[in-house]
Amino acid sequence: MDGKSLGILSPTEDSLALLAQHIARHLQKLDSGDPRLLKPSLNDDQGLRRLLREVSLETGGLTLDEAMTQVVHGLTTRSLHTGHPRHLGYANPSPSLVSTVGDALAAAFDPQLAMSPSAPFALALERDALGALASAAQLPSDPDASHCTTGASESLFTALAMALTRAEPRYLDEGILGFASRPRVYASHAAHRSLAKCLRMLGLGDRSGAWLRSTRADGVLDGATLAHAIDEDIRSGFLPLAVVATAGSTESGGIDKIDELVHVGRARGLWLHVDAAWGGGAALSQRGRDAMFGAHQADSFAWDAHKWPGNSLATGMLFTPHRELLQRLFGVQAAYMAGGLAHRFATTVQWSRRATGLKLWLMLATEGIDGLRARCDKWLELGDFLRAWCEREGVEVAETNSVFPVILLAIDNPAGRVRRVRHQGIGWVSTCEFQSRTWVRVAVTSPRTTREDLDAVLAALTRG
Ligand SMILES: Cc1ncc(COP(=O)(O)O)c(C=O)c1O
């Protein structure tokens, strides 16, 4: 059939070869740490508008190859390349050859994962990949419940909706009006603000969020602080609903005392969600699991493979043993979806579902759990390197209980130093606020980062 008759370009080997060339060049530049990728033009509005004006979206007229080259130029020069070895900022995607191949196959074959009969192979890959990760990381998981999400925000949204479903039988019919008193969700003051968005979207509102501050020097949430807050809330007539434990806070990498939170929460019938959006990768190693002890008993566990161990967006993963709850929550009927409730669309937020698990499966099929575990160990060792470097050089750092490779430096003029290091193209770091103070934050988020990269950036940051 002639694809052009439908107004669709027919594929040519040349265009696909050009695409492969563009992708290979970009990934090679990332792998080699090409310094040009560290100095993108992010604030050049005029230049950006000029670039965009070169193409008319009214008349079109570019060949696909020309349009592709235009896009590659724009993306190369006007994106922050978070997979670069010297990108030492917040946890973000690190595209790899494997994840790019997975994304390309998912796009070209585009299996629809809403219904089992239409994509049995792609569904089996998602199930097997998540099953292998859950078992290696000792996560709470039922293979028919755990699933890929767009990210930790969607995972948290699902978890809290499950908590509401479990807490009040009338929730599915009456929504939040089915609750006799206001539900409360507990989290550390350092928890990610996606919780605030979820509370609003679920109809709970800001007043349902209890952002707790413990008295510990490292600030992480502990059992005594949680127990005190719950007991006070009960006296005030609230309904304690769920605890969101953070394993790897966004700023400092702090890890809440998960086992204590499980203990306190369970005794009072609360849902326990672990937000390990970027810390989840550490659960592949014994050391990481020890630091997150208690996570295996959680009701739900969120981990983004696009934050660690190096993948492209959007590879969120929600692990949970609560299949029956998901079926109750999302099990709506639609006449055109034959066989209805047996399918994935009836156990997840998404209806149409992309084959996100494909790239996870490819990563495991090529590296295996052993390969990933070895990478995870090296990642944690970079944290030891950061801490030892600062101790040796006498640089004051924030007190945290993080085992991850993230460190907060107390150096004068933090914003100026960050600007200088970025401007010189030495590395990409940021400032952050923690314990009422501004720090320079250095974190390893790309699997490409080496000790030499860290040494160069720390030296540039602290000299002079
Ligand atoms: C600890 C933590 N939780 C949740 C999120 C939100 O994850 P996502 O962007 O995948 O929804 C982030 C960062 O983005 C995070 O650092």
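**Entry 1: strand β5**

I began with strand β5, residues 271-275, in this predicted model. I found that five of its five residues are buried, so the strand is largely enclosed by the rest of the structure. I then looked up the direction of each side chain. Trp271, His273 and Asp275 point one way from β5, while Leu272 and Val274 point the other way. I noted that residues on both sides are buried.

**Entry 2: the β4 side**

Which strand do five bridges join to β5? I identified β4, residues 239-246, and recorded that β4 and β5 run parallel. Within this pair, I found Val244 opposite His273 of β5. I next followed the chain from β4 to β5: it passes through helix α10, residues 258-267. I entered the handedness of this β-α-β crossover as right-handed.

**Entry 3: the β6 side**

I turned to strand β6, residues 300-304, which pairs with β5 over three bridges. The sense of this pairing is parallel. Here I noted Asp275 of β5 standing opposite Ala302 in β6. What lies between these strands in their β-α-β unit? I found helix α11, residues 286-291, and the unit that β5, α11 and β6 make is right-handed.

**Entry 4: the whole sheet**

I placed these strands in their wider setting. Strands of a sheet pair through backbone hydrogen bonds, in either the parallel or the antiparallel sense. In this structure I read seven strands forming an open sheet, in the order β1-β7-β6-β5-β4-β2-β3. The pairing in the sheet is mixed. I recorded β1 (147-149) and β3 (209-212) as the edge strands, each of which pairs on one side only. From one strand to the next, I noted an average twist of 25°.

**Entry 5: the ligand**

How many residues surround the ligand? I recorded 14, and the closest of them are Gly151, Ala152, Ser153, His192 and Ala277. Sorting this shell by class, I noted eight polar residues, four nonpolar residues and two charged residues.

**Entry 6: helix α1**

Lastly, I checked helix α1, residues 13-32, against its expected span. At 1.5 Å a residue, its 20 residues should span 28 Å. The C-alpha atoms at its ends are 28 Å apart, which agrees with that expectation. I also looked at what follows α1 and found Gly33, whose phi is positive, near 70°.

Methods
Residues numbered from 1 in each chain as written. Predicted model: local features only at pLDDT ≥ 70, side-chain atom pairs only at ≥ 80, totals over all residues. Buried ≥ 20, exposed ≤ 12 C-beta atoms within 10 Å, placed from the backbone. Helix = DSSP H or I, 4+ residues; strand = E, 2+ residues; numbered from the N terminus. Pairing = 2+ DSSP bridges. Right-handed = clockwise from strand over helix to strand, strands pointing away. Axes fitted to C-alpha atoms, helices over the stretch in contact; angles between N-to-C directions. Near = placed C-beta within 6 Å. Nonpolar A, V, L, I, M, F, W, Y, C, P; charged D, E, K, R; others polar. Expected span 1.5 Å × (residues − 1).
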